[in-house]
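Here is a short, friendly briefing on a protein structure. Take a moment to look at the sequence and the model, then read on with both in view.

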Amino acid sequence: MALCELTHDSNIIDVAFSKTSAKIAILSAASFTIYTWNLKSTSPLEATLYSSHAISPSRRPRLIAFLGEDDIYVVTQDEFGGEVVEWTGLHSNASKPVFLPEEGVHISSIFPDSEQEKLWIAHISPSKRVRSHSFVRNNGAEDSSVITWQDGPATDTSWARAIQVPSGDVSKLYHPEC
């Protein structure tokens, strides 16, 4: 049983959901495709094609993430292993690279924080011994900044521990009724 059946022309590499889950991004070898659906519907969900965005044939897509409702981030790799995180704005159709790791550094994952205001990028050093994190913050109007997390987590940090919670706002982390 599936929540929503989607047929796709090629193998799916990764998927991501928008902040409200009203949009889903599907990453394949040649493109990423955005679908929308009405979550308030009581009948079976039907996805509607929202947009499709080509990926350069010289790049191999690896990961995709949403930030909010309209910002998509895709990690791609070139034939020599060089990686880049590229941003695409769904409203503007603009695209630009936002994070290029140092040579030999591998991007292991990308994920939004709990408020979907920052995109965390987990990367591993060439020696595979040091794991560090950076984050991308959109400053609006296609402007973004990348910040290396100076107060970095321990090397065994999982995505759940890397999410920043505003000081004193732990109510979102603990629910006594659970």
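Two strands count as paired if DSSP finds at least two bridges between them. With that in mind, look at Leu 67, whose bridge partner in strand E6 is Asp 71. Please remember that this is a predicted model. The protein has one helix and 12 strands, and two of its sheets are the main subject here.

**The protein as a whole**
- Starting at the N terminus, the elements follow the order β-β-β-β-β-β-β-β-β-β-β-β-α.
- Of the 178 residues in the protein, 39% are buried.
- About 10,800 Å² of the protein is exposed, and carbon and sulfur atoms supply 52% of this area.
- Among the contacts with a separation of 6 or more, 35% are between residues 24 or more positions apart.

**The sheet from E1 to E4**
- Four strands make an open sheet in the order E1-E2-E3-E4, and their pairing is antiparallel.
- Which strands are at the edges? They are E1 (12-17) and E4 (48-54), and each of them pairs on one side only.
- From one strand to the next, the twist in this sheet averages 20 degrees.
- Five bridges link E1 with strand E2 (residues 23-28), and the two are antiparallel.
- To find one of these links in the model, start at Ile 12: its bridge partner in E2 is Ser 28.

**The sheet from E5 to E8**
- Another open sheet of four strands has the order E5-E6-E7-E8, again with antiparallel pairing.
- Why does one side of E5 and of E8 have no neighbour in the sheet? E5 and E8 (95-99) stand at the edges with a single partner strand each, so one side of each is left free of a neighbour there.
- The twist here averages 30 degrees from one strand to the next.
- E5 (residues 60-67) is mostly covered, as seven of its eight residues are buried.
- Seven bridges connect E5 to E6 (residues 71-77), and the two strands run antiparallel.
- E5 and E6 form a hairpin with three residues between them. Gly 68 sits in the turn and has a positive phi of about 70 degrees.
- Further along, E7 (residues 83-89) pairs with E8 over four bridges in the antiparallel sense.
- In that pair of strands, Val 85 has Phe 99 of E8 as its bridge partner.

**Two loop residues with a positive phi**
- As background, most residues other than glycine have a negative phi.
- Ser 21 is not a glycine, yet its phi is positive, near 65 degrees. You can find Ser 21 in the loop between E1 and E2.
- Is Ser 21 buried or partly exposed? Its relative accessible area is 30%, so Ser 21 is partly exposed.
- Asn 93 also has a positive phi, of about 60 degrees, although it is not a glycine. Asn 93 belongs to the loop between E7 and E8.
- With a relative accessible area of 54%, Asn 93 is exposed, because exposed means over 50%.

**Aromatic rings**
- How many aromatic pairs does a search of the whole structure find? The search finds one.
- Tyr 50 has Lys 23 over its face, and the distance from the ring centre is 4.6 Å.

Methods
Residues numbered from 1 in each chain as written. Predicted model: local features only at pLDDT ≥ 70, side-chain atom pairs only at ≥ 80, totals over all residues. Heavy atoms only, no water. Buried < 20%, exposed > 50% of the residue type's maximum accessible area, 1.4 Å probe, protein only. Axes fitted to C-alpha atoms, helices over the stretch in contact; angles between N-to-C directions. Phe/Tyr/Trp six-rings, centres within 6.5 Å; stacked < 30°, edge-to-face > 60°. Lys NZ or Arg CZ within 6 Å of the ring centre and 35° of its normal. Contact = heavy atoms within 4.5 Å. Areas by Shrake-Rupley, 256 points an atom, 1.4 Å probe, with all protein chains shown as cover.
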